Every structure is written in structure tokens, then in C-alpha cells.
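I want notes on the empty spaces and the charged pairs in this model. I start with the pockets, then turn to the cavity and the salt bridges.

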Amino acid sequence: MKKLPVAPSSAPVLIGARLRAVRQRQRLTIEEVAAATGLTKGFLSRVERDLTSPSVSSLVTVCQVLSIPVGDLFTTPHTHHVRLADAPRISLGGEGIAERLLTDRAERRVQILHATIVGHGRGESELYAVDCDLDVIHVIRGRLVLVLTDRQIELDEGDTYSFPGREPHSWYNPDAAEAVVTFTLVPAAT
């Protein structure tokens, strides 16, 4: 079988921003990393700005101090791009609602639902709970009334309301005009 020659890429490998993000997430200063690695502050600053490439030895040392595998700097993060028109339709119940899933079906950290609700459309007739820690409702257009066990919250265009998803609730569109709303569930409902 004939081998296909593969030319190496001449594009620079940019890892500086990832190193900086890890350092900052751990609340370490560049001075603290310099002291722990024996490298200079100026050198680490240039590495973080991708102005210089560290040797393998220096990179391994920095990664050890930051407690991350070197390979993590070179992996491509999983991303998901969805256009609203192409988002899968879902149905979680209610009347007069067209729902689309905006996040990857496999995503477990968060779930975003886009809902177009006809005039006087509504959620379930009985209060229900969602298996998530946090439910965030954002009204893009129109109005929505969130019904909780002890009160109703009127949400106008641009309003956002957050509450525990396991709290019994429902909702309805009080107007004849269509409403457009997003529901963000953290973590994704199971």
C-alpha cells in the first residue's frame, strides 16, 4: 500500500492563552509560577502572549506546577454550533409552544431551549418540576407569566428570572401576541 506523504503544518501552535487561563483559574500570579518553576517572569509573560515558544523541558515544568497534563494544551475543545432554523424540535408539553434544543444533545452541563409561544399559549396545566439545579427564563420578545406555588411573576421583554428547577412551576403567555423565550437548565435536565 502506498503511503501518502503528509507535510507538517507551519502554523504556530498557540498555547499561551490556555496557560494563562489555567494560571488565573488557580489564582496564581505570574511571579508565583516563575518562583515555582525557576523561569523568569518575563519569559513566562512572553510564553503566555505566544511571543516565544518554551522548550519541552520548560513546558513540562510549567505544566507540573499548574497540575495539568501537557497534552491538555494541544487538544481541541469540543464545540457545538447550531443555527436556530436547524435546531432539533422537541416537545416538553404545554399548549401552543414550539421548542427547539439549542445545545448539543450530549451536553450535560447546561441545556438551552428556545421557545416560541403563541398568544395565550401555556405550559403544563399542573405545576411541574424539572430535574435541574437552576432554571433561567429569559424573555426575548413579548411577555410571560411564571406561575410558582405561592405567586406569579410577570416577565416583560428583556427580563430574566432564575429559580431552582425542582421548584414546582408552570407558565403562560398572557397576551394575544407571540412570545419568544429561552429556558436555560443547569445542569441539563435528565
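These are my entries, taken in the order I looked things up.

**Entry 1: the model**

I am working from a predicted model. I keep that in mind for every value below.

**Entry 2: the largest pocket**

I looked up the volume first. The largest pocket holds about 340 Å³. I then asked which residues lie nearest its centre. They are Leu92, Glu99, Leu113, Val130 and Leu185, out of 20 lining residues.

Next I checked which strands build the lining. Strands S2 (95-101), S3 (111-122), S8 (169-172) and S9 (179-186) each give at least two residues to this pocket. I also sorted the lining by class. I noted 10 nonpolar, 5 polar and 5 charged residues.

**Entry 3: the second largest pocket**

I moved on to the second largest pocket, with a volume of about 170 Å³. Its lining has 13 residues. Nearest the centre I find Val13, Ile15, Thr52, Ser53 and Pro54. By class the lining comes to 9 nonpolar, 3 polar and 1 charged.

**Entry 4: the cavity**

How many cavities of 30 Å³ or more are there? I get 1. The largest cavity encloses about 90 Å³. Its lining consists of Leu19, Arg23, Val33, Leu44, Val47, Glu48, Pro54, Leu59, Val62 and Leu66. Helices H1, H3 and H4 (56-66) are the elements that contribute two or more of these residues.

I sorted this lining too. It has 8 nonpolar and 2 charged residues, and no polar ones. Pro54 is in this list, and Pro54 is also among the residues nearest the centre of the second largest pocket. Glu48 lines the cavity as well, and I return to it in the next entry.

**Entry 5: salt bridges**

I asked how many salt bridges the structure holds. The count is 11. I followed three pairs and one network.

I took arginine 20 and glutamate 48 first. Their closest N and O atoms are 3.7 Å apart. Arginine 20 sits in helix H1 (residues 16-25) and glutamate 48 in helix H3 (residues 41-48), so this bridge ties together parts 28 residues apart in sequence. Is each partner buried or exposed? Arginine 20 is partly exposed, at 25% relative accessibility. Glutamate 48 has a relative accessible area of 9% and is buried.

My second pair is arginine 166 with aspartate 133. Here the closest N and O atoms lie 2.6 Å apart. Arginine 166 is in the loop between strand S7 (160-163) and S8, and aspartate 133 is in the loop between S3 and strand S4 (134-141), so the pair ties together parts that are 33 residues apart in sequence. I checked accessibility for both. Arginine 166 counts as partly exposed at 47%. Aspartate 133 is also partly exposed, with a relative accessible area of 49%.

My third pair is arginine 151 with aspartate 150. The closest N and O atoms are 2.8 Å apart. Arginine 151 is at 40% relative accessibility and counts as partly exposed. Aspartate 150 reaches 58%, so it counts as exposed, the cut-off being over 50%.

Last, I looked for linked bridges. Arg143, Glu154, Asp156 and Asp175 are joined in a network of salt bridges.

**Entry 6: what I carry forward**

I flag glutamate 48 for a second look. It is buried, it lines the largest cavity, and it pairs with arginine 20.

Key: Residues numbered from 1 in each chain as written. Predicted model: local features only at pLDDT ≥ 70, side-chain atom pairs only at ≥ 80, totals over all residues. Heavy atoms only, no water. 1 Å grid on protein atoms, 1.4 Å probe; cavity = no way out; pocket = protein on both sides within 12 Å on 5 of 7 lines; lining within 4 Å. Points joined across faces, edges and corners; volume = space filled by probe spheres on them. Helix = DSSP H or I, 4+ residues; strand = E, 2+ residues; numbered from the N terminus. Nonpolar A, V, L, I, M, F, W, Y, C, P; charged D, E, K, R; others polar. Salt bridge = Lys/Arg side-chain N within 4 Å of Asp/Glu carboxyl O. Buried < 20%, exposed > 50% of the residue type's maximum accessible area, 1.4 Å probe, protein only.
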